[in-house]
Amino acid sequence: MIRYFIQNRISAYMLMAGLMIFGVIGLTKLPMALMPPTAYPGISVIIEYPGIAPEKIESLITKPAEQIIRTVPGIEKILSLSEEGKSRINITFHIETDVKTASLQVREKISLIRNSFPRAVQEPVVVRYDPSDRPALIASIEGVHGQNATLTQIREYAERHLKPALQRIDGVAEIVVAGGLQREIHIDADRGLCEARSVSFGELFSAVQSSNISLPGGVLTGGAIDYFLHTPGRYNRLRDIIETPLSFSGTGALVTIGDIAQVDDSFRDREDIARHNGNERVMVYVHKAGNGNILEVCDNAARVITEASSLTAAVVYSQGRYIRESLSNVLTAGIWGLCIVILIVVLLYRGAGPVIAISLSIPVSLVTVFACMYFAGIPIDVMSLSGLALGAGMVVDSSIIMMESLLGQKDSSESSILSGVKSVATALTASTLTTVIVFLPIVFGNIMTRTMYGGMAFTVSAALLVSLLVSLILVPAVFIDSESRKGSVFPGRESLEKNKWLSFLRGKVRNMEKQGTLFYRELLAWSFQRKKKVLIIAGIFGTAALIITPFVKQEFVDPAGSGELYVYCEFPTGTSLDSTAAAVQAAEKYITASDYTKRVSSRIEKWRGTIALSLKDSITSYNERKAVMETLKQKLNRILKPLKGFAFVTETNELQARELGITFFGDDTETLRRIARDSAGKINALPGISECLLRFRDGRPSYRLSVDRMKTEPSGLSSYEIATFLHNALYGPVVTKFIDDDREIDVRLRYAGSRLKNIEDLLRYAVLTDKGNPVSLGELVHVTGERAATKIWRQDGRRCVTITARLGDITFDDAVRAITGTLKTVAMPGGCSYEFDDQYLRTIENRNAVIGLCALSVLFVYMLLGGLFESLVLPCIIILTVPFAFTGVILTLFCTGTSFNIAVYIGMIMLTGIVVNNGIVLVDRINRSMNENSEKTYSVDTVICATSIEHFRPVIITTLSTILGLLPALLKGGDGAHLWRPLSLTAISGLAFSTLLTLILIPVVCSYYYQNKKWSTIP
């Protein structure tokens, strides 16, 4: 094959051009994302039963639903929340589960028990959800074009038109519209008038329902035409409700709804308030499904919102912006790396042939990878682009080594070039395969490891394999043509050669190269005179690395930030919405007036306010963001203190939020809360823990009304009738729907003044007996004050409560050890237990898996080298570069204060394949030289030194190209830098340290090896 392309060089050019065309086409079709889809797929089952207490919701709805759902295969975890009027069951599946199929199975299971629920239970809703429960996009709806729209009209338009359009986007789990007012028809019955006319609440309810109905009457068949009969009776005017008849008075006059009730076109009681930059707005929160492509969700949602012709809207927050910035940053770093590598080639090679051949290998190798990614179904994300950025400096290695071999030939004839290619083809193939084979163990890793790092492994491997093909086919062809045709291939050669700046730089580089070669020659001579000292020094470095390893921090990802923060303002249970809104507004004013925020939006609910803020672009470093978060927490805590509230500040990216969750399990909620409070107090006192928060609420103040059956018996009233009376009269049920311009508007029936100020007013309410006689409620019930649960959490069928420890300077591993020791001192009754959150447990699992992959990678490299050299010892010599490369990494991490994290571990896997490349080429050449010198014309040390000096230039060039190609990725800051910077630091430090060992330690060890073997049997 090599001979064919050397003789048919046009074919070589066409083949490479075809590969690039495929790459460009693949690039245009690849999807984009921040990270590979590592979220576990999940769905939510939402079942509403309005007005029912959490305990009843748990027993009537949640428990039966959990039991039937548990029979669905592939479930990882079930987490449920029972709160007033609603049960929400979040189901997390194994990562390989098809969530669409799982959704159908869950719907089928729920349908089996649907009829066992009370009649008032609404139809269960099954939706996909994002486990992070944080919006992917927030939009502010500021108006409707062509009209001075009120908040009510804006909210209505968003609900009717915008929300359905957003729900149709693939990957969207839930759309929440907050703020504004929602239209509602109120029938406020006068209690005194009802009692005077002996009209019960149930009679009112039945009258409204039965009067707002439209039923078909059937078909009247007569003659040749069938007539359809229908009796329209739906309300379409408020007057229709007012004129609804109830009964006749004692005087024979008709009593209507209007006689005993006030009918108003009003608004639903507010459940939330939304503001943007201090102004009240209608806000739309878009939540993505757990396995949805967040970039596509954000882009499609933003397009739907901005293209809504009737709305004035703006996207105030989007995770897509962060993703695009991250991808742009890593792409920019990669482009700068390419430019630096090309500059190195131009400075180190004078001829047009070497410059063109090596430079062309870069775009051909990298662009072709996009075609490979397209066919493999791998998206463009930070991990795959990091692989390309790393490959940018490595793809030239094969071409450089090939070019050095070609330049060493006596002429540029086809036969000489073929000889030069064959002399290094085996070593190049081996060095490329060793880099590729280190990623083979990922195939045996868990699904999370394969998903997380498979894309990066694929891009690096594909780039290197293509670069090998380019070095064997394109480089020789370009070199022959450039040497035979000179200026025709490189028309600008003469002007380039005459450029004084380029000539000056090349002169400096040549001088540095000569001085470097001379220094290496002297260093090598010194090392061979002191072989034992060299081994001792290497051993000292290795021992030092082992000693300091425990002192290097352990993290999941390198701490950084995205410039987007969430501030959670928490208030005591029972705090009114108006009080919460006033306190949150004061917090907003402080944040808006500060000099570090660009925009602020908030959503206020009962007892809680959530503020999303964007930091100014000038705040770039992690330490600056950390200082801002600490300042915010202190200032806002003082603002919220009058209402006994507190602020909780966290990153929008959960991976960056240094938080550790601890969940306690048991059967009694109050016992679990006591345990959680005791544990939180002790954890708060631990050094390195900034704060420990309770992620549950105390029960809200409530009254228990116990029915006295001895008193209700004479009146003929049952406990059910009294409970129903209270529910209807105070809660105010939606009794029917009002049709207005094809819209259904809730009609709510309640007693006027149902918002009572104290329990005494309620006890004065009269309940009508079956004979129409009023009986005071206070005569029928006993009142007991208590605290009722507001939310009941369950995980995998057991009640649970959670606390969250915010970490300061302490690492996750140290925090877990300290917290575990502390929890041993907390008294836990039998049946109670605790566990750390899934994120930490999965982090440990993934980290252990990656460490195992590192060891397996080293073993695979050794096996490959053993087969290549047909020796069990020579591979050990080459493998020596791997542990000493890790030594350089550990020393660098310790000196720079960088933590061990997933990116570092992946960098170390890459190093396993990278650092042995130079060793393979050097040992292969030493082995050849020893075979050629089998007559013992020269001593072992002389042959090894001469061969090492001969290969000093290609080793240094390939090392510099890789290191300098990665340098922009190391220095580049901005969004997403924490994902690739540790990887770049690992590769640079390990490669630099291992190169020194390759040039010094390997020749010394080879000297010992060959001196103890008979030259005639050298493998």
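Two strands count as paired here if DSSP finds at least two bridges between them. The legends below all describe a predicted model.

**View 1. An open sheet of 6 strands.** Going across the sheet, the order is β14-β13-β18-β19-β17-β20, with antiparallel pairing. At the edges sit β14 (279–280) and β20 (646–651), each of them pairing on one side only. As for what holds such strands together, strands of a sheet pair through backbone hydrogen bonds, either parallel or antiparallel.

**View 2. Zooming in on β13 and β18.** Here β13 (residues 272–276) runs antiparallel to β18 (residues 597–605), and 5 bridges link the two. If you want a spot to get your bearings, look for alanine 274, which stands opposite arginine 603 in β18.

**View 3. Helix α19 lying across the sheet.** This helix covers residues 577–593 and lies across four strands: β13, β17 (564–570), β18 and β19 (608–615). Relative to β18, helix α19 runs at about 175°.

**View 4. Where α18 meets α28.** The axes of α18 (residues 531–548) and α28 (residues 881–896) come within 9 Å and cross at roughly 50°. That angle makes α18 oblique to α28, and the crossing is left-handed. On the α18 side, the contact is made by Ala538, Phe541, Gly542, Ala545 and Ile548; α28 brings in Phe884, Thr887, Ile890, Leu891 and Phe894. Sorted by class, that gives 8 nonpolar residues, 2 polar ones and no charged ones.

**View 5. Where α3 meets α4.** Helix α3 (residues 54–69) packs on helix α4 (residues 99–113) at an angle of about 130°, and their axes are 9 Å apart. So α3 is oblique to α4, and this crossing is right-handed. Pro64, Ala65, Ile68 and Ile69 of α3 touch Val106, Lys109, Ile110, Leu112 and Ile113 of α4. The class count for this contact is 8 nonpolar, no polar and 1 charged.

**View 6. Leucine 366 in helix α12.** The helix that holds leucine 366 spans residues 352–376. Leucine 366 has a relative accessible area of 11%, so it counts as buried, the cut-off being under 20%. For a sense of scale, take glutamate 55 as the other end of a ruler: its C-alpha atom and that of leucine 366 are separated by 60 Å. Along the chain, leucine 366 and glutamate 55 are 311 residues apart.

Conventions:
Residues numbered from 1 in each chain as written. Predicted model: local features only at pLDDT ≥ 70, side-chain atom pairs only at ≥ 80, totals over all residues. Heavy atoms only, no water. Contact = heavy atoms within 4.5 Å. Axes fitted to C-alpha atoms, helices over the stretch in contact; angles between N-to-C directions. Parallel < 35°, antiparallel > 145°, perpendicular 65-115°, else oblique. Left-handed = near helix turned anticlockwise from the far one by under 90°. Nonpolar A, V, L, I, M, F, W, Y, C, P; charged D, E, K, R; others polar. Buried < 20%, exposed > 50% of the residue type's maximum accessible area, 1.4 Å probe, protein only.
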